[in-house]
Amino acid sequence: QVQLVESGGGLVQPGGSLRLSCAASGSFFSIITMGWYRQAPGKERELVAAITSRGSTNYRDSVKGRSTISRDNAKNTVYLQMNSLRPEDTAVYYCYVNVNGRSGYEIVWGQGTQVTVSA
């Protein structure tokens with residue numbers, strides 16, 4: 001089994017910054033892709049950013065230039081640095097990993113962390 005522990009969410013004023021972290025633990029051979037989705041009330045879950053094991057990144061257009069995703073493969077941890085936050089960034093942020101485990105490839109989700117951008 002693979003477990004994800006997220007941290008770093010909270011309340012921040014518009015223009016502020018937050019850094020989300022997500023650490024994977026458990027039994028698996030390798031982590032292929034790590035990333036973050038978010039879901040605002042009444043909206044569908046949407047991809048925010050993702051990073052492959054080789055460091056290739058992908059961002060949704062609305063966060064490009066304001067966010068940076070990175071990973072520490074030695075710690076099996078992915079980070080999302082978010083700057084110049086806007087009220088529309090308010091959502092529950094979910095970490096995910098695509099792992100090669102004992103049962104083959106699978107996607108595992110974190111429990112979610114709330115990010116609220118408000119004055």
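Two strands are said to pair if DSSP finds at least two bridges between them. In this predicted model, β7 and β8 meet that condition, for six bridges join the two strands, which run antiparallel. Serine 70 stands opposite tyrosine 79 of β8. The two strands form a hairpin with four residues between them, and asparagine 76, in the turn, has a positive phi of about 50 degrees. In a regular strand, side chains alternate between the two faces of the sheet. β7 has a covered face made of Ser67, Ile69 and Arg71, while Thr68, Ser70 and Asp72 make up its uncovered face. Serine 70, the residue set opposite tyrosine 79, thus belongs to the uncovered face of β7.

Two further hairpins can be followed along the chain. β4 and strand β5 (residues 46–52) pair in the antiparallel sense, with six bridges. Six residues lie between β4 and β5 in this hairpin, and glycine 42 in the turn has a positive phi of about 80 degrees. β5 also pairs with β6, again antiparallel, over three bridges. Here isoleucine 51 has threonine 57 of β6 as its bridge partner. The hairpin of β5 and β6 has four residues between the strands, with glycine 55 in the turn showing a positive phi of about 95 degrees.

The pairing of β4 with β5 also leads to the charged residues, as the bridge partner of arginine 38 in β5 is glutamate 46. Both residues reappear in a network of salt bridges that links Arg38, Glu46, Arg60, Arg66 and Asp89. Side chains of opposite charge can pair when their charged atoms come close. The structure holds five salt bridges.

Within the network, aspartate 89 deserves a visit of its own. Aspartate 89 is found in the loop between β8 (77–82) and β9 (91–101). Is this residue, aspartate 89, buried or exposed? With a relative accessible area of 2%, aspartate 89 falls under the 20% limit and is therefore buried. Its side chain meets that of arginine 38 in a salt bridge, with an N to O distance of 3.0 Å. Arginine 38 lies in strand β4 (residues 30–39) and aspartate 89 in the loop between β8 and β9, so this pair ties together parts that are 51 residues apart in sequence. Both arginine 38 and aspartate 89 are buried.

Aspartate 89 forms a salt bridge with arginine 66 as well, the closest N and O atoms being 2.8 Å apart. Because arginine 66 lies in the loop between β6 (57–59) and β7 (67–72), while aspartate 89 lies in the loop between β8 and β9, the pair ties together parts 23 residues apart in sequence. Arginine 66 is buried, as is aspartate 89. A polar atom of the aspartate 89 side chain also lies 2.8 Å from the backbone nitrogen of arginine 86. Leaving aside neighbours within four places in sequence, aspartate 89 is in contact with Arg38, Val63, Arg66, Ser84, Val115 and Val117.

Another salt bridge brings lysine 64 together with aspartate 61, the closest N and O atoms being 3.1 Å apart. How accessible are the two partners? Lysine 64 is partly exposed, with a relative accessible area of 48%. Aspartate 61, at 63% relative accessibility, lies over the 50% limit and so counts as exposed.

A covalent link adds to the picture. The structure holds one disulfide, which joins cysteine 22 to cysteine 95 with an S to S distance of 2.1 Å. The link of cysteine 22 and cysteine 95 is left-handed, with -80 degrees about the S-S bond. Distant parts of the chain are linked by this pair, as cysteine 22 sits in strand β3 (residues 18–26) and cysteine 95 in strand β9, 73 residues apart. Cysteine 22 and cysteine 95 are both buried.

Glycine 8 completes the tour. Glycine 8 is found in the loop between β1 (2–7) and β2 (10–12). With a relative accessible area of 33%, glycine 8 is partly exposed. Apart from neighbours within four places in sequence, glycine 8 is in contact with Leu18, Arg19 and Leu20. The C-alpha atoms of glycine 8 and aspartate 61 are separated by 22 Å, and the two residues are 53 residues apart along the chain.

Technical notes:
Residues numbered from 1 in each chain as written. Predicted model: local features only at pLDDT ≥ 70, side-chain atom pairs only at ≥ 80, totals over all residues. Heavy atoms only, no water. Buried < 20%, exposed > 50% of the residue type's maximum accessible area, 1.4 Å probe, protein only. Polar contact = N/O pair within 3.5 Å; in protein donor to acceptor, adjacent residues only side chain to side chain. Contact = heavy atoms within 4.5 Å. Salt bridge = Lys/Arg side-chain N within 4 Å of Asp/Glu carboxyl O. Disulfide = S-S within 2.5 Å.
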